Amino acid sequence: MLKRAPVPPDPTAAVDAASPLSIRDMTVAYQDLAAIRSASVDIQPGSLTAIVGPNGAGKSTLLKAALDLIPRTSGRVAFWGRPFGAVRRRVAYVPQRAAVDWDFPATALDVVLMGLYADMGFMRLPGRRHKEKARAALARVGMAGLADRQIGRLSGGQQQRVFLARALAQDADLTLLDEPFAGVDAATEAAIVEVLRSLNQEGRTIVAVHHDLASVTEIFDHVVLMAGRIVAAGRTAEVFTPDVLETTYGGRLSLEAFPDGRGRPERLR
Amino acid sequence: MNDFVLLSLVPLVVSTAAALACALVGNFLVLRRQSLIGDAVSHVVLPGIVAAFLLTGVVAPLPMLLGATAAAVLASALIALVRSVGGVEPGAAMGVVFTSMFAGGVLLLETSGAGSVHLDVEHALLGNLESLIWFEGTGWAALLDPTALAALPPQVWRLLAVLVAVAAFVLAFWKELVIGSFDPVFAATVGARPRVVDMALLLFTAVVAVFAFEAVGSILVVAMFICPPAAARLMTDRLVPQVAWSLLFAVASAVGGYVAAGYGPLWIGFQSSVSAAGMIAVVSGLILAAACVAGPRRKGTRSIGAPA
């Protein structure tokens, strides 16, 4: 595959039909405030991509607007060249953990079974096959022993793993995660990274909104930098540079030299 | 004992059916933290009933129910509109819409001369349970007598039909209701159509509130939407058992409340009975209080999911 230059695609160009998620000239506004201005980006097939940027940069909004969860003011979005509604079974979305009420009367298994919704017919309840699949997904995130526990009785990290297991159950080609590492313990972070890597090795595409700049180069091979617009996108090795980071964060970072000469970013505020 | 069929059977069936229908819908309202929607809807029916009277010129149940249902649907849509356009929290949106519509109903009633409608405060609040006398119900044999059955108060059939419709809705859309209640954003991405299910739930809430309102009054409707499911939530951490507990509590409230209202005052030396609907609401509140004190899943017995 040709290396892509770290410049966003031309907003007027057609969507990339090979890309699992191709966005052109997308603007999203809350009330009258533009959250994202004219974003154009192609997620590379088979990549492990981080979306990085300061608070309010529109990272979560980018995912939600692409998934038709919030309205777009303008722009085009395509998944493998097609509208989301036509390919929703190939896409898994993991919302922020704080987005739901964990006091809900459900077990970890119940939540993972929700990932198999599209596999169940109308008016059908989960069968043995669904439950086996859901238990396998829980085992893959190291939660096999906690399948029957009420979700409110799980730790934050365990709750995040349940969410990941639900996405695994969906068996998707593209998985979009909104801050999967927010407020989780080190063991959970390692477990999530391992699962994401193994999914990636199966040829699946992973996109995650990510906050910890220090671990971006370690985990992700591609990165999209946002600050209300797309600042840069491409291979981590090429795009994740001190210059680009400074543009993205507006000089609110201190950049110290890496052993290999690249900038090691560290958030100041 | 023949008096029982004549005087008590119909109120018991009607109040039990209303309580079951309210509890079924109420489980999902409580899970979505939208309990007050039932309250809002039961207030909003007033302008609908008045408008229906003005349009048709008669005080008949069907036009009133249609008008009330239309008003409740309008209110549901207005609440959704105020939420999305105004960007305010759901409670505020409901408060604005239902007080405005209730006030509008009162104004409409006063200015249009529709004051002749028998819409006194007592009936609006407490319904009409005690007046549901089955004159042909002279004994248990009447249950097998077609002419006697035909003379049953119409509320019996109406509420049984509502109960069947609500049960069918909850069973048919169980998965969609559960996913949409827990994680509406995820529900949208897997095509479970949470917005359509939301509107359907609101519609059924409106229908239940309107039909129950006419028979048992608004106090009972509000209590039955919230108390049995809220008490049931304290009994279990699983959804199916929660719904089962809520139905049990609904029946216990309806039967227990009716019996306590009819005979309770006699037991403590008073000569007259008290309002059945009021007593049913009181019993449901007592069940909730008991669940708060002794329910196995009450707050405090739960380990807090600490953000590790």
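**View 1. Low-confidence ends of chain A in the predicted model.** Over residues 1-5 of chain A, pLDDT (the predictor's confidence in each residue, from 0 to 100) stays under 50, and the model has nine contacts for them beyond four places in sequence, a contact meaning heavy atoms within 4.5 Å. Residues 256-264 of chain A likewise stay under 50, with 13 contacts beyond four places in sequence. The mean pLDDT of chain A is 89, and 90% of its residues reach 70 or more. This is a predicted model, in which local features need pLDDT of at least 70 and side-chain atom pairs count only at pLDDT 80 or more, whereas totals for chains, interfaces and linings use all residues. Residues are numbered from 1 along each chain as its sequence is written, chains are lettered from A in the order in which they are written, and side-chain values use heavy atoms, with hydrogens and water left out.

**View 2. Surroundings of A:Asp178.** A:Asp178 is buried (under 20% relative accessible area, 1.4 Å probe, protein chains only) yet has no salt bridge, the nearest side chain of opposite charge, A:Lys64, being 4.9 Å away; a salt bridge requires a side-chain nitrogen of Lys or Arg within 4 Å of a carboxyl oxygen of Asp or Glu. Residues touched by A:Asp178 include A:Tyr93, A:Pro95 and A:Val209.

**View 3. A:Arg153 at the interface of chains A and B.** The contact takes 40 residues from chain A and 37 residues from chain B. Five salt bridges are found across this interface; A:Arg153 forms one with B:Asp237, their closest N and O atoms lying 3.2 Å apart.

Terms used. Buried < 20%, exposed > 50% of the residue type's maximum accessible area, 1.4 Å probe, protein only. Lys, Arg positive; Asp, Glu negative; His and termini not counted.
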